[in-house]
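A colleague and a modeller discuss a structure in a series of questions and answers. Please consult the sequence and the coordinates alongside the text.

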Amino acid sequence: MSLRHSPVLLALLAAFSLPASANDAVQAACGRCHGADGVAASAGTPHLNGQHAGYLVESMDAFRAKKRPTAVPEHQAGLKPDDLKAAVELYAGSKSARPKQDTNAEKVARGEAIYGDRCASCHLDNGRDFEQEAPFLAGQDLAYINAQNGLFVSGKRKFAPRQDDAYKGLSAADLEAVSHFFASQDQFAAKGSEGKKKKKAR
Ligand code: HEC
Ligand code: HEC
């Protein structure tokens, strides 16, 4: 893992006590779409539960700075510092289960191969670990992953450094297959437990 050791982030990760009103503010501004615990209720909205803190903070900064497209006014308005801390603590720490999604087995298999060649160096362990500040993607909402890939490819969302190389030459069908692969993954499976995971009743 390469968590950036910025003082801001370390301060965020450090234990802190927040007023209950901070959590109320988060629920009021964000809970409607991201759920009470970061598990989104509707397709196309990303799950935030279990996402790493650094990425949550960076995403909110990018929305506010208009470096990343969004049509959600709450993202552009942002949150007060205490409320942002509360949001990051709540979502990053949430172990709630994400809903199991309908994925296509052929696409998952095709996506797994592409993932191994193109994406695994940053989205480690099938999307359950990361390098280069990449977000966790295991178990992420399928429609959301597809939509973000569309934004990257069309240039509306900026690629991270070297992420664009990984997408070079991939067709829309290839990218859709990788989305199915990520969406099919168990978010909290133990490291290297893929074999066991397949046998486990779910
Ligand atoms: C109206 C629904 C809605 C509300 C309210 C909302 N979000 Fe979102 N959120 C979305 C959608 C949809 C996306 C996908 C990107 C986009 O379209 O803006 C998203 C994306 C995000 C992301 C990026 C996730 C990723 O994996 O890249 C973060 C972080 C986030 N929201 C945090 C928040 C926080 C914090 C609040 C409260 C201040 C909030 N959102 C309020 C719908 C919402
Ligand atoms: C060089 C490292 C790197 C490689 C390789 C890479 N990514 Fe990423 N990826 C990132 C980073 C960093 C971000 C965060 C981008 C940002 O918002 O700054 C990201 C973001 C994403 C997102 C947005 C997720 C979200 O929650 O909004 C998706 C989807 C994604 N990558 C898919 C892929 C796929 C598919 C591949 C392989 C074809 C891939 N990435 C290869 C580093 C990488």
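The exchange below concerns a predicted model.

Colleague: What is the mean pLDDT of the protein, and over which residues is the pLDDT below 50?

Modeller: The model is predicted, and 86% of the residues reach a pLDDT of 70 or more, with a mean of 90 for the protein. One stretch has 7 contacts in the model beyond near neighbours in sequence, and its pLDDT is below 50. That stretch is residues 195–202.

Colleague: Which residues coordinate the iron atom of ligand 1, and in which helices are they?

Modeller: Two NE2 atoms coordinate the iron atom at 2.0 Å, one from H34 and one from H75. These residues are 41 apart and link distant parts of the chain. H34 is in helix 2 (residues 20–34), and H75 is in helix 4 (residues 73–77).

Colleague: What is the geometry of the site of the iron atom of ligand 1?

Modeller: The iron atom has 6 donor atoms, with angles of 87 to 179 degrees among them. Six donors are assigned to this class if opposite donors are over 155 degrees apart and all others between 65 and 115. The site is octahedral.

Colleague: Is H34 buried or exposed, and is H75 buried or exposed?

Modeller: The relative accessible area of H34 is 10%, and that of H75 is 15%. The cut-off for a buried residue is under 20%. Therefore H34 and H75 are both classed as buried.

Colleague: Which residues are the closest to ligand 1?

Modeller: Helix 2, helix 3 (53–64) and helix 4 each give at least two residues to the shell around ligand 1. A polar side-chain atom of R68 lies 2.9 Å from an oxygen atom of this ligand. The shell numbers 21 residues, and the closest are C30, C33, H34, T70 and H75.

Colleague: Which helix gives the largest share of the shell around ligand 2?

Modeller: This shell holds 25 residues, with C119, C122, H123, Y144 and R157 the closest. A nitrogen atom of ligand 2 is 2.9 Å from an N or O atom in the side chain of H123. Two or more residues of the shell come from each of helix 6 (105–119), helix 8 (142–154) and helix 9 (163–167). The largest share, 4 residues, comes from helix 8.

Colleague: How far is a polar side-chain atom of Y144 from an oxygen atom of ligand 1, and how far from one of ligand 2?

Modeller: The side chain of Y144 has a polar atom 2.9 Å from an oxygen atom of ligand 1. For an oxygen atom of ligand 2, the corresponding distance from a polar side-chain atom of Y144 is 2.5 Å. The values are thus 2.9 Å for ligand 1 and 2.5 Å for ligand 2.

How values were computed:
Residues numbered from 1 in each chain as written. Chains lettered and ligands numbered in written order. Predicted model: local features only at pLDDT ≥ 70, side-chain atom pairs only at ≥ 80, totals over all residues. Heavy atoms only, no water. Donors = N, O, S within 2.8 Å, 3.2 Å for Na, K, Ca; no water. Tetrahedral: all angles 85-135°; square planar, octahedral: opposite > 155°, others 65-115°. Buried < 20%, exposed > 50% of the residue type's maximum accessible area, 1.4 Å probe, protein only. pLDDT = per-residue confidence, 0-100. Contact = heavy atoms within 4.5 Å. Near = heavy atom within 4 Å. Polar contact = N/O pair within 3.5 Å; in protein donor to acceptor, adjacent residues only side chain to side chain.
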